[in-house]
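Please examine the sequence and the three-dimensional structure shown below. The paragraphs that follow lead through them step by step.

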Amino acid sequence: MIGKTGTAEFTNEEGELALHSWVIVAQGDLVVAAFVEDGGYGSVTAGPIAREVLAGQ
């Protein structure tokens, strides 16, 4: 299994710093991408979602 997480910082409508998070994971011939709008860091928010998908939960 291989993967890469990421986080994009932006300023929300209230002028505060906010985060989008993402992860791309590959296992064999299967690839999963998860994007969380207004999420936390990629490894904390998007990573667990991709893990559940790959585990079939």
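Which residue takes a positive phi in the hairpin of β2 and β3? The residue is Gly-28, whose phi is near 65°, in a hairpin with two residues between the strands. To place this turn, it is helpful to begin with the chain as a whole.

The model is predicted. The chain has an average pLDDT of 91, and 98% of the residues score at least 70. Confidence is highest in strand β1 (residues 2–11), with a mean of 94, and lowest in α1, with a mean of 89.

The chain contains three strands and one helix, and along the sequence these follow the pattern β-β-β-α. The C-alpha atoms fill a box of roughly 40 × 20 × 15 Å along the principal axes. Of the 57 residues, 28% count as buried. The chain exposes about 4,100 Å², of which carbon and sulfur atoms supply 53%.

The strands may be considered next. β1 and β2 run antiparallel and are joined by 10 bridges; in one of these pairings, Ala-8 has His-20 in β2 as its bridge partner. The hairpin of β1 and β2 has five residues between the strands, and Gly-15 takes a positive phi near 80° there. β2 also pairs with β3, again in the antiparallel sense, over seven bridges. Here the bridge partner of Ala-26 is Val-31 in β3. β2 thus takes part in both pairings.

A positive phi also occurs in a residue other than glycine: Asp-38 has a phi near 55°. Asp-38 lies in the loop between β3 and α1. Is Asp-38 buried or exposed? Its relative accessible area is 52%, so Asp-38 counts as exposed, the cut-off for that class being over 50%. Further along, just after α1, Gly-56 takes a positive phi of about 75°.

The helix has its own pattern of burial. In α1, the buried residues are Ala-46, Gly-47, Ala-50 and Leu-54. Why do they lie on the same side of α1? They lie there because they cover an arc of only 100° around the axis. These buried residues pack against β2 and β3.

Helix and strands also meet in the largest nonpolar core, which has eight residues: Val-23, Val-25, Val-32, Ala-34, Val-36, Ala-46, Ala-50 and Leu-54. β2 (17–27), β3 (30–36) and α1 (46–55) each supply at least two residues of this core.

Two residues show these contacts in detail. Leaving aside neighbours within four places in sequence, the core residue Ala-46 is in contact with Ser-21, Trp-22, Val-23, Ala-34, Val-36 and Tyr-41. One of these partners, Ser-21, is found in strand β2. Ser-21 has a relative accessible area of 0% and is therefore buried, since buried means under 20%. Not counting residues up to four places away in sequence, Ser-21 touches Gly-6, Ala-34, Phe-35, Val-36, Gly-39, Gly-40, Tyr-41, Gly-42, Thr-45 and Ala-46.

Finally, contacts can be viewed across the whole chain. Among those between residues at least 6 apart in sequence, 24% join residues at least 24 apart.

Terms used:
Residues are numbered from 1 along each chain as its sequence is written. This is a predicted model: local features need pLDDT of at least 70, side-chain atom pairs count only at pLDDT 80 or more; totals for chains, interfaces and linings use all residues. Side-chain values use heavy atoms; hydrogens and water are left out. A nonpolar core is a set of buried Ala, Val, Leu, Ile, Met, Phe, Trp, Tyr and Cys residues joined through side-chain atoms within 4.5 Å. Buried means under 20% relative accessible area, exposed over 50%, partly exposed in between (1.4 Å probe, protein chains only). Helices (H or I, at least four residues) and strands (E, at least two) are DSSP runs, numbered from the N terminus. Contact means heavy atoms within 4.5 Å. pLDDT is the predictor's confidence in each residue, from 0 to 100. Two strands pair if DSSP finds at least two bridges between them. Accessible areas come from the Shrake-Rupley method with a 1.4 Å probe; for residues, only the protein chains shown count as cover. The arc is that of the directions from the helix axis to the C-beta atoms.
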